[in-house]
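Open the structure in your viewer and keep the sequence panel beside it. Ready to start selecting?

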Amino acid sequence: MNKEVLIVGLGLIGGSYAKRLKSKGYKVYAISRSKETIEYAINEGIIDYGDTNVSKEFVSRFDLIVFGLYPHVLLDWLNEYKDYIKDGAVITDVTGVKKEIVYKVDEILKDKNVSFVGSHPMAGREVYGIKNSKEDLFIGSNFIITPIESTNPRAIDVIKELGLDLGFKNISILSPEEHDSMIAYLSQLTHLIAVALMTAQDKTHLEKYTGDSFRDLTRIANINEDMWSELFFLNKEELIKQIDLFIDELNNIKELIKNDKIEELKDKMRLSTERRKHFNKGE
């Protein structure tokens, strides 16, 4: 694969992509709306060159483009600058929802000789911006690729190779629908639970009394409200299903406690422990 890449959007994920790919021998270029971000990235050796201006002369140089943008910004960018992208280029994204993105991108690019492969790095931090990016952020993590029927198989291979270069341990192929159903449970619901734990009681100074369990459960409650609210609403049907599923199970457990069903409660705990073992192996 040609080891030149353009990253559009240098936040936490885009910056971490840049750092890792630079360390793997890529020539890394970037576009960001922030002049400060570009200057920082160049001065820190994160990228080889960057610009705040989107020009056809610059964009059309690249065979591989990664979009580290919010979903709505990605769609707006492609609508405005799709004709700048080189014929035969492979492009991918990092957005946390797929059904509402992949098919729309496919429609935007339907008259272009450009291959879009949706992808989602399953790693992040509770902070954002390039200054919080990490070269090793993706090491050992999961990477999901979400092709559709029209996706070029060669382009899928390019994104698989990109995922390996980024350090992902496990690369999965899911449809956009499968991805959004899975992510509603594994990521979006967990963030909402963390938020609810922090907002359910109107009490201050909880940090003076808490133990590790509350800290662990609420780590992701330090949340980027702009990004996550957009993701929640773009995937709201699947997310609401998972919220209802969780509420039902929580109510089941409540009834066991209410009715002194000790053995049934222990069964739940044993099942939880057994299922958690699958995660322990990777920790």
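This tour goes through a predicted model, stop by stop.

**Stop 1: strands 1 and 2**

Select residues 4-8, which form strand 1, and residues 27-31, which form strand 2. The two strands pair in the parallel sense, over five bridges. Now pick out L6 and look across to strand 2: Y29 stands opposite. Is strand 2 mostly covered or mostly open? Mostly covered: four of its five residues are buried.

**Stop 2: F62**

Next, select F62. This residue sits in the loop between helix 3 (56-59) and strand 4 (64-67). F62 is buried, because its relative accessible area is 1%, and under 20% counts as buried. What surrounds F62? Setting aside neighbours within four places in sequence, F62 is in contact with E4, V5, L6, Y29, K86 and A89. You have already met L6 and Y29 as opposite partners. Now check V5 against F62. They are 57 residues apart along the chain, yet their C-alpha atoms are separated by 6.5 Å.

**Stop 3: T52**

Move to T52, in the loop between strand 3 (49-51) and helix 3. T52 has 39% relative accessibility, so this residue counts as partly exposed. Show its contacts beyond four places in sequence: S32, R33, S34, K35 and I38. Then draw a distance from T52 to D267. The two C-alpha atoms are 57 Å apart in space, and the residues are 215 apart in sequence.

**Stop 4: strand 6 and its partners**

Select strand 6, residues 115-122. Seven of its eight residues are buried, so strand 6 is largely enclosed by the rest of the structure. Add strand 5, residues 90-93. Three bridges join strand 5 to strand 6, and the two run parallel. Find I91: its bridge partner in strand 6 is F116.

Now add strand 7, residues 142-146. How do strand 6 and strand 7 run, parallel or antiparallel? They run antiparallel, joined by five bridges. G118 stands opposite T146 in strand 7. Four of the five residues of strand 7 are buried, and this strand is mostly covered.

Extend the selection to strand 8, residues 170-173. Strand 7 and strand 8 pair in the parallel sense, over four bridges. Look for I145 here; its bridge partner in strand 8 is I173.

While these strands are on screen, remember a general point. In a regular strand the side chains alternate between the two faces of the sheet.

**Stop 5: S141**

Select S141, in the loop between strand 6 and strand 7. With a relative accessible area of 15%, S141 is buried. Beyond four places in sequence, S141 is in contact with M122, A123, F168, K169 and N170.

**Stop 6: a pocket**

Turn to the second largest pocket. Its volume is about 170 Å³. Select its lining: V102, D106, L109, K110, K112, V114, S115, F116, I148, S150, T151 and N152. Colour these residues by class. You should get five nonpolar, four polar and three charged residues. Which elements each supply at least two of the lining residues? They are helix 5 (99-108) and strand 6. F116 in the lining is also the bridge partner of I91.

**Stop 7: H191**

Select H191, in helix 7. H191 is buried, with a relative accessible area of 12%. Show what H191 touches, not counting residues up to four places away in sequence: I220, I223, W228 and F232.

**Stop 8: helix 10 and the residue after it**

Select helix 10, residues 236-258. How far apart should its ends be? At 1.5 Å a residue, its 23 residues should span 33 Å. The end C-alpha atoms are 32 Å apart, which agrees. Within helix 10, E238, L239, Q242 and L256 are buried. What covers these buried residues includes helix 7 (176-199), helix 9 (225-234) and helix 11 (262-280).

Last, select D260. This residue lies in the loop between helix 10 and helix 11. D260 has a positive phi of about 55°, although it is not a glycine. Is D260 buried or exposed? At 63% relative accessibility, D260 counts as exposed.

How values were computed
Residues are numbered from 1 along each chain as its sequence is written. This is a predicted model: local features need pLDDT of at least 70, side-chain atom pairs count only at pLDDT 80 or more; totals for chains, interfaces and linings use all residues. Side-chain values use heavy atoms; hydrogens and water are left out. On a 1 Å grid over the protein atoms alone, a cavity is a set of points where a 1.4 Å probe fits but cannot get out, and a pocket is an open set with protein on both sides within 12 Å along at least five of seven lines; lining residues have an atom within 4 Å of a point. Grid points are joined across faces, edges and corners, and a volume is the space filled by probe spheres set on the points. Ala, Val, Leu, Ile, Met, Phe, Trp, Tyr, Cys and Pro count as nonpolar, Asp, Glu, Lys and Arg as charged, and the others, Gly among them, as polar. The expected span of a helix is 1.5 Å times one less than its number of residues. Buried means under 20% relative accessible area, exposed over 50%, partly exposed in between (1.4 Å probe, protein chains only). Contact means heavy atoms within 4.5 Å. Two strands pair if DSSP finds at least two bridges between them.
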